[in-house]
Amino acid sequence: MSDPRNAAHNKKVKHDHEHQPHGPSEVPAAPPETAPTPVTPEAAQVDLEKSVAVLSKLKEMEFHSRANIETLAGLTLTIADELKQKEFSDPMGELYSAQAGFETKIAALIELYSAKCESLKQAA
């Protein structure tokens, strides 16, 4: 006995084949390109305000990142020199490197985002 799903599939394939055009197939036309919608002054002002808030948060994160780097440096000295816990020197060094990498990346992002905010100011 055959599976009823196979029969249903065969029926659908036959139906689709019967209803397909037999001439040269037409390629559907690409949708017309739409021009970017103009930004209203109010929308530009809202975008600027939100972007400035984002920039402020990024700068706050950078500030805390610098504080973390200073704290990690102090802790590294305490662990290695005062406590003589050399087994923790490498993990602390890895944390310091990771935080320094974050500091570098966020500083670059702030520079780029500041330029974006400047362009939004000019548009507003």
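Is Gln99 buried or exposed in this predicted model? The legends below take up this residue and its surroundings.

**Figure 1. Overview of the predicted protein chain.** The protein chain contains three helices and zero strands. Read from the N terminus, its elements follow the order α-α-α. Of the 124 residues in the protein chain, 15% are buried. The accessible surface amounts to about 10300 Å², and carbon and sulfur atoms account for 61% of it. When contacts between residues at least 6 apart in sequence are considered, 80% of them join residues at least 24 apart.

**Figure 2. Close-up of Gln99 in helix α3.** Gln99 has a relative accessible area of 16% and is therefore buried, since buried means under 20%. Neighbours within four places in sequence are left aside here; beyond them, Gln99 is in contact with Ser65, Asn68, Ile69 and Leu72. One of these partners, Ser65, is the subject of the next view.

**Figure 3. Close-up of Ser65 in helix α2.** Ser65 counts as buried, because its relative accessibility is 1%. Apart from residues up to four places away in sequence, Ser65 touches Gln99, Phe102 and Glu103. The contact with Gln99 thus appears again, here from the side of Ser65.

**Figure 4. Helix α3 and its buried residues.** The buried residues of α3 are Met92, Gln99, Glu103, Ile106, Ile110, Cys117 and Leu120. These buried residues pack against α2. How far apart are the end C-alpha atoms of α3? They are 51 Å apart, and this agrees with the expected span of 51 Å, because α3 has 35 residues at 1.5 Å a residue.

**Figure 5. The largest nonpolar core.** Five residues form this core: Leu55, Leu58, Ile106, Ile110 and Cys117. Two elements, α2 (41–82) and α3 (89–123), each give two or more residues to the core. The largest share, three residues, comes from α3. In soluble globular proteins, nonpolar side chains tend to be buried together. Cys117, a member of the core, touches Leu48, Ser51, Val52 and Leu55 when residues up to four places away in sequence are not counted.

**Figure 6. Close-up of Ala73 in helix α2.** Which degree of exposure does Ala73 have? Ala73 is partly exposed, because its relative accessible area is 31% and partly exposed covers the range between under 20% and over 50%. Along the chain, Ala73 and Tyr96 are 23 residues apart. The C-alpha atoms of Ala73 and Tyr96 are nevertheless separated by 7.2 Å.

**Figure 7. Close-up of Lys84 in the loop between α2 and α3.** Lys84 counts as exposed, because its relative accessibility is 57% and exposed means over 50%. What is the phi of Lys84? The value is near 55 degrees, which is positive in a residue other than glycine. Most residues other than glycine have a negative phi.

Terms used:
Residues are numbered from 1 along each chain as its sequence is written. This is a predicted model: local features need pLDDT of at least 70, side-chain atom pairs count only at pLDDT 80 or more; totals for chains, interfaces and linings use all residues. Side-chain values use heavy atoms; hydrogens and water are left out. A nonpolar core is a set of buried Ala, Val, Leu, Ile, Met, Phe, Trp, Tyr and Cys residues joined through side-chain atoms within 4.5 Å. Buried means under 20% relative accessible area, exposed over 50%, partly exposed in between (1.4 Å probe, protein chains only). Helices (H or I, at least four residues) and strands (E, at least two) are DSSP runs, numbered from the N terminus. Contact means heavy atoms within 4.5 Å. The expected span of a helix is 1.5 Å times one less than its number of residues. Accessible areas come from the Shrake-Rupley method with a 1.4 Å probe; for residues, only the protein chains shown count as cover.
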